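Hi,

Here is the structure I promised to pass on. Have a look at it first, and my notes on what turned up follow below.

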Amino acid sequence: MVNLVLIGAPGAGKGTQAERLVRDYGLLHISTGDLLRQAIAAGTPLGLKAKEAVGSGELVPDKVVIGLVEETLADKAEAQGFILDGFPRTLEQARALEGLLRKIAEPLHHVVVFDIPIGELAERIAKRVAQSSSSGVQVRSDDNTEALRRRIDDFTRATVVLLPFYEERQVYQGC
Ligand code: ADP
C-alpha cells in the first residue's frame, strides 16, 4: 500500500506517470484537474462555480478543491493506495490534506516532484494540443498561451511553499 502526492508543472507528465501507477499497482488516481473538468462538463453546481477559473488557468478556491478531495478519498476503500495529482497546490490545501488523512488514518508516504525545465513545458503542451486535435479529442480550453503562463506561474508559487512544507515532514523526493 502506498499513498503519493505528485507535484509537477503543467506538461511535466504527472498524468502519464499516474496512469502507469494505476495500471501496475491498483492505486486510486485523484486528479483535481480531471475532477473539475468532469464537474464542468456535467454542469454540476460545483462545475459552474469552477468553470471560469479553470478556463482561464486560475486556481479554484481552496474550499472547493478540498471538498472534492475529501469526497473522493472517502471512496478509496478498494484501492491499494492513492495518487494525488495536482493537489495540494497551496499551503492551505496541504494543511487541509494533513487533517483529512489524519481523519481516515492514512499516512502520506511520498511526495514526488517532477523537475522539468520551464522551457520544455510549452513544447510538451503544444504536442498534447496537436495530438488531441489530430485524433478528434477536444483541446483543453486552458491549453492556450495566456492560461498556460498563469498555470506555470501558479506552479512556481506553489512549489516555493510546498517543498519546504514536505521537506520538513521528510516525505519529499525529487525526480
Ligand atoms: P495542469 O497541471 O496541466 O495545469 P490540472 O489538470 O492539474 O492541470 O488543473 C487544471 C486546472 O484546474 C488548474 O489550472 C486550476 O484552474 C484547477 N485546479 C486543479 N487542481 C487545483 C487545485 N489543487 N487548486 C486550485 N485549482 C486547481
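Before the pockets, a word on naming: helices (H or I, at least four residues) and strands (E, at least two) are DSSP runs, numbered from the N terminus. Pockets come from a 1 Å grid over the protein atoms alone: a pocket is an open set of points where a 1.4 Å probe fits, with protein on both sides within 12 Å along at least five of seven lines, and lining residues have an atom within 4 Å of a point.

This is a predicted model, where local features need pLDDT of at least 70, side-chain atom pairs count only at pLDDT 80 or more, and totals for chains, interfaces and linings use all residues. Residues are numbered from 1 along each chain as its sequence is written, and side-chain values use heavy atoms, with hydrogens and water left out.

Now the largest pocket. Its volume is about 1,200 Å³ (the space filled by probe spheres set on the grid points, which are joined across faces, edges and corners). It has 50 lining residues, and Lys 14, Arg 37, Arg 128, Arg 140 and Arg 151 are the closest to its centre. Helix H6 (118–134) is among the elements that give two or more residues to this lining, and the largest share, 7 residues, is from H6. By class, the lining has 20 nonpolar, 15 polar and 15 charged residues. For that split, Ala, Val, Leu, Ile, Met, Phe, Trp, Tyr, Cys and Pro count as nonpolar, Asp, Glu, Lys and Arg as charged, and the others, Gly among them, as polar.

So where is the ligand? The space it takes is the largest pocket (a molecule sits in a pocket if more than half of its atoms lie within 2 Å of the pocket's grid points). Helix H2 (32–42) and helix H3 (45–56) are the elements that give two or more residues to the shell around the ligand, and H2 has the largest share with 4 residues. The ligand has 19 residues around it (a heavy atom within 4 Å). Of these 19, Lys 14, Thr 32, Glu 58, Gly 86 and Arg 151 come nearest.

There are polar contacts too (pairs of N or O atoms within 3.5 Å). A side-chain N or O atom of Arg 37 is 2.9 Å from a ligand oxygen, and a polar side-chain atom of Arg 140 is 3.1 Å from an oxygen atom of the ligand. At Val 60 a polar backbone atom lies 3.0 Å from a ligand nitrogen. The protein buries 97% of the 550 Å² that the ligand exposes when taken alone (Shrake-Rupley areas, 1.4 Å probe).

The second largest pocket has a volume of about 300 Å³. Arg 37 and Arg 140 are among its lining residues, and H2 and H3 each supply at least two.

Two backbone details to finish. Most residues other than glycine have a negative phi, and most peptide bonds are trans. Phe 87 and Pro 88, however, are joined by a cis peptide bond, with omega about 0 degrees. Ala 105, not a glycine, has a positive phi of about 55 degrees.

Cheers

How values were computed. A polar contact is a pair of N or O atoms within 3.5 Å; within protein, one must be able to donate a hydrogen and the other to accept it, and residues adjacent in sequence count only if both atoms are side-chain atoms.
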